[in-house]
Amino acid sequence: MADTRKLRIGNRIPDKIMLGNMECKKAYLGSTLVWEQENIPLVITPNTIHGIPSSGGSYDVTIKATGNWTCSYNPTWARPDNGSGAAGETTFTLDIDANTGNERGDYLEFELDDTGYVVELDVLQNAASPISGISLEPPFPSELLGNAYSGGEYEVVSENDWSASFAESIEMNPTTGGAGRTYVDFQVPANTDKPRVVALELVDEITGERYLFGCIQQAVTGASKEIVPSTEGFTNVPKAGGLRSTYIASLKDWIYDADLSVNANWLTVIQKSGVEGITEVSIMVSQNQTGLERLGEIWFATADGTDYSRIGVHQLG
């Protein structure tokens with residue numbers, strides 16, 4: 001209840017006052033003077049949205065108005081999907097962009113067209129989470145069709161400076177960047193042969209850690225595959241042998257299938273299972289002491305047995 005001693009004009013108590021941003025009119029409850037909220041021509045609910053996550057989001061906001069209204073100001077990162085309305089009650093969606101920096105706050109201003117009456121919606125968004133390692137936003141596709149692919153809406157999100165250290169069936173521009181966020185473009189040519197691996201490896205220039213991204217690219221024609229290993233580096237392996245790597249792209253969890261593998265006792269698969277996505281798998285090729293060249297086959301399968309693929313290994317004698 002308002003203190004009437006502070007509201008007198010001379011010896012008279014006014015009929016209306018402002019309490020904060022609310023216009024109130026004089027009334028009596030019995031013999032007690034009270035102040036009732038006057039009809040407000042423009043009301044927004046809620047009038048404050050705080051604690052917005054750094055990832056952004058969408059919020060429902062309702063306006064009650066006595067006439068036509070317009071959103072006369074909003075920050076670029078907080079946008080109503082409906083910037084104007086008519087008399088009555090209107091609900092719109094407020095879209096908040098992701099925040100990549102420090103905590104930020106601002107307001108949106110809504111105005112009655114005929115009287116200029118204004119209300120504000122206060123918004124406050126949390127700071128971005130600390131970056132750890134290297135990631136792509138949005139995530140790299142889990143599968144590509146055989147047609148050429150151009151992805152120009154990606155960001156490399158990195159804790160430190162980074163560079164591209166390996167690429168198979170994909171071109172990336174730029175191939176280096178600094179800490180924070182870097183916009184990049186991917187170009188994958190059309191695949192007119194058979195399903196293949198698309199792989200990209202980024203390395204943290206400070207820690208040396210490597211991060212692998214990629215997927216299967218199906219062929220323009222022919223049957224699709226659920227699991228595909230890369231085969232580069234497995235022909236004309238020197239007699240001395242050594243460690244080789246394959247990149248397994250799979251739409252499902254996968255396993256190394258020793259039962260299907262042929263003449264593979266001189267080949268050791270280091271990682272014998274993995275999850276959907278792309279995985280680098282090391283294969284140790286033993287020294288060839290037979291004096292003859294030799295061939296072997298290593299088979300990988302989806303864990304549920306719905307698809308299989310092989311790597312043929314040729315070693316010099």
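Contact means heavy atoms within 4.5 Å. The model is predicted, so local features need pLDDT of at least 70 and side-chain atom pairs count only at pLDDT 80 or more, while totals for chains, interfaces and linings use all residues. Residues are numbered from 1 along each chain as its sequence is written, and side-chain values use heavy atoms, without hydrogens and water.

**Exercise 1.** State which residues Leu-94 is in contact with, beyond its neighbours within four places in sequence, and place Leu-94 in a nonpolar core.

*Solution.* Step 1: the contacts of Leu-94, those neighbours excluded, include Ile-49, Tyr-59, Val-61, Leu-108, Leu-121 and Val-123.
Step 2: a nonpolar core is a set of buried Ala, Val, Leu, Ile, Met, Phe, Trp, Tyr and Cys residues joined through side-chain atoms within 4.5 Å, where buried means under 20% relative accessible area (1.4 Å probe, protein chains only).
Step 3: the largest such core has 20 residues, and Leu-94, Phe-110 and Leu-121 have the most contacts inside it.
Step 4: strands are DSSP runs (E, at least two residues), numbered from the N terminus; among those supplying at least two residues each to this core are β10 (88–96) and β12 (118–125).

**Exercise 2.** Describe how strand β28 is joined to strand β29.

*Solution.* Step 1: two strands pair if DSSP finds at least two bridges between them.
Step 2: β28 (residues 294–302) and β29 (residues 308–315) run antiparallel, joined by 8 bridges.
Step 3: Phe-300 has Ser-309 of β29 as its bridge partner.
Step 4: the two strands form a hairpin with 5 residues between them, and Gly-305 in the turn has a positive phi of about 75 degrees.

Terms used:
Buried < 20%, exposed > 50% of the residue type's maximum accessible area, 1.4 Å probe, protein only. Helix = DSSP H or I, 4+ residues; strand = E, 2+ residues; numbered from the N terminus.
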